[in-house]
Protein chains: 2
Amino acid sequence: MREVAIIGVGQTKYGEHWTKSLRDLAVEAGLKAVEDAGISGKDIQAIFGGNMSAGTVVGQDHVAAILADFAGLIGNDLAAMRVESACASGGAALHTGYMAVASGMYDIVLVGGVEKMTDVSSESMTDALASAADREWEVFFGATFPSLGAMMARRHMHQYGTTREQLAMIPVQCHENASYNPYAQLRNRITVEQVINAPMVADPLTLLDCSPMSDGAAAVILAPMEIAKKYTDTPIKISASTAATEYVSLHSREDITTSRANVVAARRAYKMAKKEPKDIDILEVHDAFSIIALIALEDLGFAPKGQGGRFVEEGGIAPNSDVSFNPSGGLKAKGHPVGATGVGQVVEIVHQLRKESKGLQVDGEVGMAHNVGGTASTVFIHILEVV
Amino acid sequence: MREVAIIGVGQTKYGEHWTKSLRDLAVEAGLKAVEDAGISGKDIQAIFGGNMSAGTVVGQDHVAAILADFAGLIGNDLAAMRVESACASGGAALHTGYMAVASGMYDIVLVGGVEKMTDVSSESMTDALASAADREWEVFFGATFPSLGAMMARRHMHQYGTTREQLAMIPVQCHENASYNPYAQLRNRITVEQVINAPMVADPLTLLDCSPMSDGAAAVILAPMEIAKKYTDTPIKISASTAATEYVSLHSREDITTSRANVVAARRAYKMAKKEPKDIDILEVHDAFSIIALIALEDLGFAPKGQGGRFVEEGGIAPNSDVSFNPSGGLKAKGHPVGATGVGQVVEIVHQLRKESKGLQVDGEVGMAHNVGGTASTVFIHILEVV
């Protein structure tokens, strides 16, 4: 396989973009990435676009072609396809783009992610998101994602003594980090008490344990390493791109305090990149709910199994501690425009590794992005490093 | 890039499967492919699934993980993602699977396609399909796919003198071929007069110029050539896998009697496979409407520009003539379960090349599959050959 580098990144602000359409957001992020890479739009040979719900929510499928058209790239005769793995659609698109460049099929590839979630009611969007769970065996019986997360949290508390306070420390850190991030949706700082006393969504998870509905887009430009150096002095190497899949329904799993897909995708990523958890300086974790992040800290090897709560409480996720956790603010506070999320995590890590963050700049040479679909049913992991 | 071979294929019958769900259909096709390849389900390292409308129509996104789960493959810790390019979703999934194997990322890969179109009303499904056109600039003003096809047909007739009769000969040949195919949805033979006098859908296209709504699934197993020979004495080589994208909206194109994506994807495919049109023995063309097939015959180099009608009239698409056209019966008569179509075309060609068709067996060593999304806005082309 050829070595693959990221030579450009771009993203919109995440938030409620009442005046911008799906197309506007995607093109804004894409153009920023093209500009950042110092390439011309004409150089793009293929687009892999992560998006979950455009068909359901804005009535538009065939999104990759639509966006290539709207962005004025049809003259390129490029390849364009959409990739969907629920909330891991962005990570899936990046995994596809990685293979496209690694294989030698394409040289300059744009991997994008976009979601427009505020054009419909919260109820409609909650139902659209529920289509990432098992419609026949979970959703039909009333489950929504907060309730599935709540069951995982309750079990983790029961099995390992994880406390309500420990869980709350995760969104507190995310909001703190996001307060510096000009791309973030929720930049207010919050306290553990505020998390615990916020309106209950699904016991024990309150509103402040849950990521918001967001509009947004993100894009990265990939190139084989030998070409990358022609465009930039700071190519960021993708040293691992891995995937794994777990039972979609919680009731099928032996243990709902872990995701085997987390564990396996991470193991593969460490092997591929020749790294260990202690080598990861910067970690963007898919914290759709605080419990999903806590479990990931364990599954990815940053805390021993069952000790995620203690790890958080002892300061393990503070900037420049054991690992700089979600310097962007994570899904919780930067926002979670579903299809964009996995790509946006990588944009953040590239900014960090290039030491050009406009928000909280943390130390480090190696970053990891962890993007999941469903209750960590689908997992994509990327390890990035400075070369 | 590693050479990629198809070592197993499977498909359901296409039709109105009132008693089978999306999951049932997908798993039936997948298991047949696994059995045909002589592998175990445990050997599958990744699934790339083509599907257009499950989110909209059956309320289920995250389909690749759902199907991996339903098929009992979670123990493999495999990668799973859905790929969507409207009616070219199957071709897009195969292009992705090709890159996945060619790159060295995965060895044994299942590429599947599935669509369940009869669980909702025809009106709902027509609207879901319209999401492959430009929702804001075509659909909003009343366009549906038959009407877009009708404009292309009318212009082709005006510009080149193509006759109503010539267009009608395409579905006549498709129904004739499908009459032999046990997997086909519409096995009745029809005449040119019946096509012309069928109920008008969008002038000049009648009901018998249009492919039906179908349920169905198809799957192929890919492996690197060096491994393929361990499993089968008749690996079918994928000697080209290419893509191109054209303006989605007809009004943006210079000429609506052609698709630049057809032309470019074909040119790339011939170059990659070191072939010319005259080398193609068997051709599965995306004949969603008769005009789309006629234009493809020209764009892919089988007939000179504007002479597609004459080519058809002079017998160019009869079995074992210039090219054996849609021996399966094509989208028109085999059926068009959107996400499955591009994969099902390849299943047909593999059956033909292995000389094991249960329908109309034609001669030849080289086949081409042409799968499009929208009005040939997205095009994927695969060339397959006996090794």
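In the predicted model, strand E2 (residues 46–50) of chain A pairs with E4(A) in the parallel sense. Five bridges hold this pairing. Within it, A:Phe48 has A:Val111 of E4(A) as its bridge partner. E4(A) also pairs with E7(A), here in the antiparallel sense and over seven bridges. A:Val114 takes A:Ala217 of E7(A) as its bridge partner.

E4(A) is mostly covered, with seven of its seven residues buried. In a regular strand the side chains alternate between the two faces of the sheet. On one side of E4(A) point A:Val109, A:Val111, A:Gly113 and A:Glu115. A:Leu110, A:Gly112 and A:Val114 point the other way. Both sets are buried.

The domain assignment splits chain A into domain 1 (4–121 + 214–237) and domain 2 (125–210 + 239–386). Their C-alpha centres lie 23 Å apart. Contact between them involves 42 residues of domain 1 of chain A and 38 residues of domain 2 of chain A. On the domain 1 side, at least two residues each come from strand E1 (4–11), helix H2 (54–57), helix H4 (89–102), strand E4 (109–115), strand E7 (216–224) and strand E8 (236–245) of chain A. H4(A) gives the most to this side, with eight residues. By residue class, the side of domain 1 of chain A that touches domain 2 of chain A divides into 21 nonpolar, 17 polar and four charged residues.

Helix H11 (residues 290–299) of chain A is likewise mostly covered. Ten of its ten residues are buried. Among them are A:Ser290, A:Glu298 and A:Asp299, along with A:Ile291, A:Ile292 and A:Leu294. The cover over the buried residues of H11(A) includes helix H6 (145–160), helix H7 (164–178), helix H10 (260–273), helix H12 (308–313) and strand E11 (366–373) of chain A. A:Gly301 follows H11(A) and has a positive phi, near 95 degrees.

A:Thr258 touches several residues, counting none up to four places away in sequence. These contacts are A:Val263, A:Ile295, A:Glu298 and A:Asp299. Of these, A:Ile295, A:Glu298 and A:Asp299 are among the buried residues of H11(A). A:Thr258 itself sits in the loop between E8 and H10 of chain A. A:Thr258 counts as buried because 20 other C-beta atoms lie within 10 Å, and the cut-off for burial is 20 or more. A:Leu22 lies 236 residues from A:Thr258 along the chain, and their C-alpha atoms are separated by 34 Å.

The largest nonpolar core holds 306 residues. A:Val220, A:Ile221, B:Val220 and B:Ile221 touch the most other members of this core. For B:Ile221, neighbours within four places in sequence can be left aside. The contacts of B:Ile221 are then B:Ile6, B:Ile7, B:Gly8, B:Ala33, B:Val34, B:Ala37, B:Ile39, B:Ile108 and B:Leu110.

Two copies of a chain are related by a rotation about an axis and a shift along it. Here, a turn of 180 degrees and a shift of 0.0 Å along the axis lay chain B on chain A, with an RMSD of 0.0 Å. The two copies are thus related as by a two-fold rotation axis. B:Ser103 comes closest to the rotation axis among the residues of chain B, with its C-alpha at 1.9 Å. The same surface serves both copies, since 100% of the contact residues of chain B recur in chain A.

The contact between the chains takes 49 residues from chain B and 49 residues from chain A. On the chain B side, at least two residues each come from helix H2 (54–57), helix H3 (63–70), strand E3 (79–84), helix H4 (89–102), strand E8 (236–245) and helix H10 (260–273). E3(B) supplies the largest share of this side, six residues. The residues of chain B that touch chain A divide into 24 nonpolar, 16 polar and nine charged. Strand pairing also crosses between the chains: three bridges join strand E3 (residues 79–84) of chain A to E3(B). These two strands run antiparallel. A:Arg82 has B:Glu84 of E3(B) as its bridge partner.

How values were computed. Residues numbered from 1 in each chain as written. Chains lettered and ligands numbered in written order. Predicted model: local features only at pLDDT ≥ 70, side-chain atom pairs only at ≥ 80, totals over all residues. Least-squares fit on C-alpha atoms with pLDDT ≥ 70 in both. Contact = placed C-beta atoms within 7 Å. Helix = DSSP H or I, 4+ residues; strand = E, 2+ residues; numbered from the N terminus. Nonpolar A, V, L, I, M, F, W, Y, C, P; charged D, E, K, R; others polar. Pairing = 2+ DSSP bridges. Core = buried A, V, L, I, M, F, W, Y, C linked by C-beta atoms within 7 Å. Buried ≥ 20, exposed ≤ 12 C-beta atoms within 10 Å, placed from the backbone. Domains from an automatic or database assignment.
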